[in-house]
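Q: Could you take me through the sheet in this protein, strand by strand, and then show me how that part sits within the whole chain? A connected walk-through would suit me best.

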Amino acid sequence: MKKKTIDHTQLLLLTLLSGGDMYGYQMITELSRRSDRTFEMKEGTLYPVLHALEREGYVKAYEQEAPSGRKRKYYHLTRKGQGLLKTETEAWERYADGINTVLRSAQPNRA
């Protein structure tokens, strides 16, 4: 069986949803806030990624009425999504550690 790998955008969205259900615009603003505006995602990027995660069973969408009376589509991280998030977070941390090790090795030694 082939291991499922995801890109950083999917990893970021799954991470956001691990803290609770969110609707699209909320994810965009929260991702920007938490990343100190490093990640400024557009709706045209967000929704295709969410729909793909939903097709794979990693998130589930549902509608709920907002305090304004308007219906919003919320996304919920499924148990399958939680498992993927755990696996992919560990893989990302190994990858980042490897990159950081190489970067540190290129710095001049200070004796």
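A: Let's start with β2 and β3, which pair in the antiparallel sense over seven bridges. Please keep in mind that this is a predicted model. One pair to look for is E63, which stands opposite K73 in β3. The two strands form a hairpin, with five residues between β2 and β3. If you click through that turn, stop at G69, which has a positive phi of about 95 degrees.

While you are at the hairpin, have a look at E65 as well. E65 lies in strand β2. With a relative accessibility of 51%, E65 counts as exposed, because the cut-off for that label is over 50%. Setting aside neighbours within four places in sequence, E65 is in contact with R70 and K71. K71 belongs to β3, whose residues are 71-77.

Now move across β3 to the other partner. Strand β3 is joined to β1 by two bridges, and these strands also run antiparallel. Here Y23 has Y74 in β3 as its bridge partner. Put together, the three strands make an open sheet in the order β1-β3-β2, with antiparallel pairing. The edge strands are β1 (22-23) and β2 (59-65), each of which pairs on one side only. As general background, strands of a sheet pair through backbone hydrogen bonds, and the pairing can be parallel or antiparallel.

Stepping back, here is how the sheet fits into the chain. The protein has four helices and three strands, and along the sequence they follow the pattern α-β-α-α-β-β-α. The radius of gyration is 17 Å, well over the 13 Å that the globule rule gives for 111 residues, so the protein is more spread out than a compact globule. Along the principal axes, the C-alpha atoms fill a box of roughly 65 × 40 × 25 Å.

A few values for the whole protein round out the picture. Of the 111 residues, 32% are buried. Among contacts between residues at least 6 apart in sequence, 49% join residues at least 24 apart. The protein exposes about 8100 Å², and carbon and sulfur atoms supply 51% of that area. As for charge, there are 19 positive and 14 negative side chains, and the centres of the two sets lie 2 Å apart.

Methods: Residues are numbered from 1 along each chain as its sequence is written. This is a predicted model: local features need pLDDT of at least 70, side-chain atom pairs count only at pLDDT 80 or more; totals for chains, interfaces and linings use all residues. Side-chain values use heavy atoms; hydrogens and water are left out. Two strands pair if DSSP finds at least two bridges between them. The radius of gyration is taken over C-alpha atoms; the globule rule is 2.2 Å times the number of residues to the power 0.38. Buried means under 20% relative accessible area, exposed over 50%, partly exposed in between (1.4 Å probe, protein chains only). Contact means heavy atoms within 4.5 Å. Accessible areas come from the Shrake-Rupley method with a 1.4 Å probe; for residues, only the protein chains shown count as cover. Lys and Arg count as positive and Asp and Glu as negative; His and the chain ends are not counted. The place of a charge is taken as NZ of Lys, CZ of Arg, CG of Asp or CD of Glu.
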